[in-house]
Amino acid sequence: ARTLYNLGLLYHEQADLEQALDALNRSLDSFAAIGLTQEANTVRAARANVAYELGRQYVQQGRWYDGLRLLEDCLAVRRQGDDLDALADVIYQIGFTHHLMGDAEEARIRYRDALRLYERTGNRRGIAACKARLGHLAVQTGMLDRAARELEQAKQIYTELGDTQRIGDVEDVLRLADRIRERQPV
């Protein structure tokens with residue numbers, strides 16, 4: 001069990017996340033089978049980190065359902081811990097995945113849940129990311145006034161953080177919202 005755990009960490013360091021996840025899964029099963037709860041919890045936490053990274057990779061590759069499954073696994077572990085930013089990160093990624101899959105309502109719910117956690121911890125970058133995504137989602141669903149509010153708030157935070165790349169991204173979506181608004185009948 002310990003060897004599999006160490007092997008999983010080694011694969012993780014080498015960025016072979018699929019092999020890392022496999023080794024950590026087998027380690028977790030072994031520790032659980034012999035009743036070593038503390039060790040199993042350590043493996044579970046390491047596995048959650050790998051599942052998060054691999055889930056994000058799968059989503060970027062268009063393997064949304066595979067990525068979503070891993071992110072949901074990670075979420076179950078994060079909910080047992082006390083790191084609210086890590087919990088919010090996973091919820092945000094799940095929301096982003098639903099957004100890509102076209103499930104606007106589920107994406108909105110997840111972004112709002114992550115936003116509440118980021119606000120609780122004071123994570124400005126997380127707050128801005130959620131507001132930007134909520135604004136983008138509002139543009140896609142035709143809620144242009146809401147989109148402008150969310151996007152302006154995100155832009156303000158990114159300005160405070162000095163994140164010029166994100167400011168540009170938000171301004172692009174704001175321009176898109178303005179073009180859509182101009183084409184709408186009065």
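Select Arg108 to begin, a residue that lies in helix α6 of this predicted model. Although the side chain of an arginine carries a charge and is classed accordingly, Arg108 has a relative accessibility of 16%, and because the cut-off for a buried residue is under 20%, Arg108 counts as buried. To find what surrounds Arg108, leave out residues up to four places away in sequence, and then show Leu134, Leu137, Thr141, Met143 and Arg146, which Arg108 touches.

**The whole chain**

Now zoom out and colour the chain by secondary structure, and you will find nine helices and zero strands. If you follow the chain from the N terminus, the order of elements reads α-α-α-α-α-α-α-α-α. Taken along the principal axes, the C-alpha atoms fill a box of roughly 70 × 30 × 25 Å. The chain has 186 residues, of which 41% count as buried, and when the surface is switched on, about 10,200 Å² is exposed, with carbon and sulfur atoms supplying 47% of that area. Among the contacts in the chain with a separation of 6 or more, 50% are accounted for by residues 24 or more positions apart.

**Helices α5 and α6**

Return to α6 and select it as residues 104-121, together with helix α5, residues 84-101, and look at how the two pack at an angle of about 160 degrees, with their axes 8 Å apart. Since angles over 145 degrees count as roughly antiparallel, α5 is roughly antiparallel to α6. The crossing in which α5 passes α6 is left-handed. By class, the residues of the contact of α5 with α6 divide into twelve nonpolar, four polar and six charged.

To see this contact in detail, show side chains on both helices: on the α5 side the participants include Leu84, Asp85, Leu87, Ile91, Tyr92 and Phe96, and on the α6 side they include Arg110, Tyr111, Asp113, Ala114, Leu117 and Thr121.

**Three residues in this pair**

Select Ile91 next, which is found in helix α5. Is Ile91 buried or exposed? At 6% relative accessibility, Ile91 counts as buried. Leaving aside neighbours within four places in sequence, Ile91 is in contact with Leu75, Arg110, Asp113, Ala114 and Leu117. If you then draw a distance from the C-alpha of Ile91 to the C-alpha of Leu137, the viewer should span 16 Å, for two residues that are 46 residues apart in sequence.

Move along α5 to Phe96, whose place is also in that helix. Phe96 has a relative accessibility of 22% and counts as partly exposed. With residues up to four places away in sequence not counted, Phe96 touches Val59, Tyr111 and Arg133. Of these, Val59 is a useful one to label, for Phe96 and Val59 are 37 residues apart in sequence and 9.0 Å apart in space, C-alpha to C-alpha.

Then cross to Thr121, which is placed in helix α6. Thr121 is partly exposed, with a relative accessible area of 34%. Which residues does Thr121 contact, once its neighbours within four places in sequence are left aside? They are Leu84 and Asp85. Between the C-alpha atoms of Thr121 and Leu84 the separation is 7.1 Å, while along the chain the two are 37 residues apart.

**Helices α1 and α2**

For the next stop, select helix α1 as residues 2-13 and helix α2 as residues 17-33, which pack at an angle of about 160 degrees with their axes 8 Å apart. That angle makes α1 roughly antiparallel to α2. The crossing of α1 and α2 is left-handed. In this contact, the class count is nine nonpolar, five polar and two charged residues.

Show the side chains where the two helices meet: α1 brings residues including Arg2, Leu4, Tyr5, Leu7 and Tyr11, while α2 brings residues including Leu17, Ala20, Leu24, Arg26 and Phe31.

**The last stop: Ala15**

Finally, select Ala15, which sits in the loop between α1 and α2. Ala15 has a phi near 65 degrees, a positive value in a residue other than glycine. Most residues other than glycine have a negative phi. With a relative accessible area of 57%, Ala15 is exposed.

Terms used:
Residues are numbered from 1 along each chain as its sequence is written. This is a predicted model: local features need pLDDT of at least 70, side-chain atom pairs count only at pLDDT 80 or more; totals for chains, interfaces and linings use all residues. Side-chain values use heavy atoms; hydrogens and water are left out. Axes are lines fitted to C-alpha atoms, for helices over the stretch in contact, and angles run from 0 to 180 degrees between N-to-C directions. Helices (H or I, at least four residues) and strands (E, at least two) are DSSP runs, numbered from the N terminus. Angles under 35 degrees count as roughly parallel, over 145 as roughly antiparallel, 65 to 115 as roughly perpendicular and the rest as oblique. A crossing is left-handed if the near helix is turned anticlockwise from the far one by less than a right angle, and right-handed if clockwise. Contact means heavy atoms within 4.5 Å. Buried means under 20% relative accessible area, exposed over 50%, partly exposed in between (1.4 Å probe, protein chains only). Accessible areas come from the Shrake-Rupley method with a 1.4 Å probe; for residues, only the protein chains shown count as cover.
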